Amino acid sequence: MQKIIDEFSLNFIEDDRYRYILEGLGNTVLISFLAALVGIALGFLVAIIRSNHDKTGHMKAANAVCRVYLTVVRGTPTMVQLLIIYYVVFASVNVSKVFAAVAAFGLNSGAYVAEIVRSGIMSVDEGQFEAGRSLGLNYRKTMRYIVMPQAFKNVLPALGNEFIVLLKETSISGYIGLTDLTHGGDIIRGITFSAFMPLILVALIYLLMVTVLSYGVNRLERRLRANER
Amino acid sequence: MNGEVLLEVRGLEKSFGGHKVLRGIHTQIRRGEVVAIIGPSGCGKSTFLRSLNLLETPTGGSVLFEGKEITAPGVDVDEVRQKIGMVFQQFNLFANLTIRDNITLAPVKLGLMGKEEAGRRAMELLERVGLPEKADAYPAMLSGGQKQRIAIARSLAMNPDVMLFDEPTSALDPEMVGEVLGLMRELAKDGMTMVVVTHEMGFAREVASRVLFIDEGVICEENAPEEFFGNPKNQRLREFLSKVL
């Protein structure tokens, strides 16, 4: 028992080492949250452009740009994207590491959100769209009031999953020297040469966050479904 | 048969890829008429109906609504559709909205009515179709017949000049066909102009003022129901009637 207390004290109490964990946790939450916002905005935009093109044949150029974006993002490792964003794209501008990470993870997540949302739009029965149009609602209003709410409901579990993946994926932020939760724990390991406590704590914190996130998504899903039965 | 011409179809053609579904349809639909369209499956009758409100874009010919060519480039299709109601085989009620919101969505979002006024109108319409207690229900809670009656109410909320029915009873269980046909009968009696694609020969015979037989993308025969069913002239129509009657 004493040994565990000593270990705990060494890793987290002495020299206020818990601060590495706190700082890292703050950055992980901040990056995940902002990147999720960027991902949602970008993802919906791309999905709307792509499905508009598929349905009406308009927006050819924008659709082509979106396809290149999707291909590149989905065809290269997230870590390489992060390194390129930080060391190449922002090489000559002085931006914070957090900003670079948000940009990289947001761009990355946007591609996956886009395909999820697009599949959601396609999953809504064509008759819903036709009924809206037959009443005189234009394309935009039909999408906004009829198709998108149903598409969103259909893809909510997949979107929740994407944000769980995103949260965990930010653990590679250490590669641009950013202290995220993982890196924070690893710094402690480097100082104390004690791997068990800091890494297990880091893992537990991720697990807790993911659990809370899944719980929230489940509740939202149930609330949205409630009105259909 | 002396009402003004609401819909005029001139040489309407529609192809899907290389397949020609409509091969030149000519007809007029006057105010107050109830036109039933019958024909074998795949004959193009649904495509014809869907061309009238441009859910299908014709590949040839033209459609005129209230004297205006709506197939011309630059026409605001959405504005035209506000005046042409449509009822679908699969009902297509908005699954994410309550029955009341299904009915009020279009009038409100198109700025034709305020939310309150539209709500009152929705209740009137629900009374009319006999389902006032379903205002706050969702479509998934209703039977097929109820859904179709709501779909008709939703269409009526736009005060259309003409209503298109695309096989409105084909997806219904037999015991629910009656309630929907009954409602359509009432609409017809109230003077609504209706174009109805149907397999219900009884309805066509009793309610329609005119019946069209479409086969292989053209109108083969059109006549008042007594003559149409009592003394069919077209050979294919005779064969068709002998199979379905």
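What pLDDT does chain B average, and what percentage of its residues score at least 70?

1. Let's start with confidence, since this is a predicted model. Chain B has an average pLDDT of 94, and 99% of the residues score at least 70. For the model as a whole, the scores are ipTM 0.92 and pTM 0.86.

2. Now have a look at the sheet in chain B. It is an open sheet made of six strands, and if you walk across it you meet them in the order β6-β7-β8-β3-β9-β10, with mixed pairing. The two edge positions go to β6 (84–87) and β10 (218–223) of chain B; each has a single partner strand, so one side of each has no neighbour in the sheet. From one strand to the next, the twist averages 20 degrees.

3. One pairing to zoom in on is β7 with β8 in chain B. Strand β7 (residues 162–166) and strand β8 (residues 193–197) run parallel and are joined by five bridges. If you want a spot to click on, Asp166(B) sits opposite Val197(B) of β8(B).

4. A helix also lies across part of this sheet. Helix α9 (residues 235–244) of chain B crosses β3 (34–38), β9 (210–215) and β10 of chain B, and it runs at about 100 degrees to β9(B).

5. Over in chain A, check helix α7 (residues 139–169). A straight helix of 31 residues would span 45 Å at 1.5 Å a residue, but α7 of chain A spans only 37 Å between its end C-alpha atoms. Where is the kink in α7(A)? Look at Leu156(A), shortly before the proline Pro157(A): the kink there is about 55 degrees.

How values were computed:
Residues are numbered from 1 along each chain as its sequence is written. Chains are lettered from A and ligands numbered from 1 in the order in which they are written. This is a predicted model: local features need pLDDT of at least 70, side-chain atom pairs count only at pLDDT 80 or more; totals for chains, interfaces and linings use all residues. Side-chain values use heavy atoms; hydrogens and water are left out. Helices (H or I, at least four residues) and strands (E, at least two) are DSSP runs, numbered from the N terminus. The expected span of a helix is 1.5 Å times one less than its number of residues. The bend at a residue is the angle between axes fitted to the seven residues ending there and the seven starting there. pLDDT is the predictor's confidence in each residue, from 0 to 100. Two strands pair if DSSP finds at least two bridges between them. Axes are lines fitted to C-alpha atoms, for helices over the stretch in contact, and angles run from 0 to 180 degrees between N-to-C directions. Contact means heavy atoms within 4.5 Å.
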